[in-house]
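Hello,

Here is the structure I promised to pass on. Please open it first, then read my notes below.

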Amino acid sequence: MMVKKTVTMLLLAAVLYLPTLHSQKIIAHRGFWKTEGSAQNSVAALMKADSIRAYGSEVDIWISSDGIPVVNHDATVTLNGKQLRVEDTPFETLRKVKLSNGEQLPTVEEYLNAFEKCTHTRLIIEFKSHKVKERETELARKVIDMVHQRGIREKVEYIAFGIHFVQLVRQFDPQAPVYYLNGDMSPAVLSSFGAAGLDYQYNVLFKRPEWVQAAHELGQKVNIWTVNKPEDIQKAIELEVDFITTDEPLLVKELLKKH
Ligand code: MG
């Protein structure tokens with residue numbers, strides 16, 4: 001009798017404990033760049049994210065004026081003291097830009113070459129918003145084609161602030177996960193666009209924790225950005241989001257372990 005009771009109690013404890021066991025995944029924001037020899041959005045940052053076995057390595061992309069998809073965060077780059085808009089500058093000029101670790105500004109093609117050598121991380125591609133929709137279409141078309149030609153679609157996810165990109169991904173790859181970043185749409189509305197879920201700034205999700213549950217009920221996933229301080233990471237963990245995007249992947253790893 002006693003044994004049976006103990007077994008029942010243990011089973012009950014296991015079931016109650018289960019919801020907290022779901023593993024939250026870490027996405028290295030612009031790669032793992034806060035480390036020796038790395039730089040934001042560099043090839044090194046991607047390889048380093050892979051070496052620490054981050055679930056994902058995020059990267060920001062644009063298209064040059066002559067149609068080459070390139071890696072950069074800001075809308076502009078600085079070359080010889082001059083600010084140049086990435087989308088208005090030919091690739092030959094963009095190529096002269098050096099990252100802080102000495103790498104040349106990479107093309108998406110080169111980034112994917114490196115990514116093919118990664119053994120753990122997934123690539124989270126952020127399409128940056130351009131001035132004209134046609135350029136966005138050209139960028140999405142080219143990059144999704146590259147991903148397909150390489151046979152790596154299972155390892156790639158997409159994110160964007162613009163709902164136009166969500167629609168483009170749905171059009172060019174109906175199966176690919178695409179998340180919306182802008183923080184202004186409910187999970188139900190995002191569902192109607194076919195988004196895989198939301199990827200919102202922590203301020204938004206801390207104010208609207210009910211969106212996490214609503215998204216999960218709709219079968220969506222929730223990503224939160226960019227969470228770097230221990231107290232915010234803790235809150236994000238307790239919020240039970242699926243992915244945590246951070247500049248501090250090792251710290252998040254440590255706090256997840258403790259949790
Ligand atoms: Mg980004």
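What share of the 259 residues of the protein count as buried? The figure is 49%. Keep in mind that this is a predicted model.

**Overall build**

The protein has 11 helices and 11 strands. Its C-alpha atoms fill a box of roughly 80 × 40 × 35 Å along the principal axes. The radius of gyration is 20 Å. A compact globule of 259 residues would come out near 18 Å, so the two agree. Take the contacts with a separation of 6 or more: 57% of them join residues 24 or more positions apart. The accessible surface comes to about 12800 Å². Carbon and sulfur atoms account for 55% of that surface.

**The magnesium ion**

Which protein residues are donors of the magnesium ion? They are E58 (OE), D60 (OD) and E126 (OE). These donors lie 2.0 to 2.1 Å from the ion. Along the chain their spacing reads E-x1-D-x65-E. E58 belongs to strand β2 (residues 56-63) and E126 to strand β6 (residues 122-127), so this pair ties together parts that are 68 residues apart in sequence. Both ends of that link have little accessible area. E58 is buried at 3% relative accessible area, and E126 is buried at 5%.

**Helix α4**

Helix α4 covers residues 108-115. Its buried residues are V108, Y111, L112, A114 and F115. They span an arc of only 160° around the axis, which means they sit on the same side of α4. What do they pack against? Among the helices, the partners are α2 (43-51) and α5 (133-149). Among the strands, they are β2, β3 (69-71), β6 and β7 (156-160). Note the overlap with the metal site: β2 holds E58 and β6 holds E126, and the buried residues of α4 pack against both strands.

**The β4-β5 hairpin**

Strand β4 (residues 76-79) pairs with strand β5 (residues 82-85). The sense is antiparallel, over 4 bridges. V77 stands opposite L84 in β5. The two strands form a hairpin with 2 residues between them. N80 sits in that turn, with a positive phi of about 50°.

A75 is in the loop between β3 and β4. Is A75 buried or partly exposed? Its relative accessible area is 25%, so A75 is partly exposed, as buried would require under 20%. Leaving out residues up to four places away in sequence, A75 touches W62, L84, R85 and V86. L84 is also the residue opposite V77. A75 and L198 are 123 residues apart in sequence, and their C-alpha atoms are 23 Å apart in space.

**Positive phi in the β1-α2 loop**

Two residues in the loop between β1 (25-28) and α2 deserve a look. R30 lies in this loop and has a phi near 60°, a positive value in a residue other than glycine. R30 counts as buried, at 15% relative accessibility. N41 is in the loop between β1 and α2 as well. N41 has a positive phi of about 60° although it is not a glycine. N41 is buried too, with a relative accessible area of 4%.

**Where to start**

I would begin with the magnesium donors E58, D60 and E126. Then turn to α4 and its buried side. The hairpin of β4 and β5 can follow.

Best wishes

Note on methods:
Residues are numbered from 1 along each chain as its sequence is written. This is a predicted model: local features need pLDDT of at least 70, side-chain atom pairs count only at pLDDT 80 or more; totals for chains, interfaces and linings use all residues. Side-chain values use heavy atoms; hydrogens and water are left out. Two strands pair if DSSP finds at least two bridges between them. Donors are N, O and S atoms within 2.8 Å of the metal (3.2 Å for Na, K and Ca); water is not among the atoms, so sites may look incomplete. Buried means under 20% relative accessible area, exposed over 50%, partly exposed in between (1.4 Å probe, protein chains only). The radius of gyration is taken over C-alpha atoms; the globule rule is 2.2 Å times the number of residues to the power 0.38. Contact means heavy atoms within 4.5 Å. Accessible areas come from the Shrake-Rupley method with a 1.4 Å probe; for residues, only the protein chains shown count as cover. The arc is that of the directions from the helix axis to the C-beta atoms.
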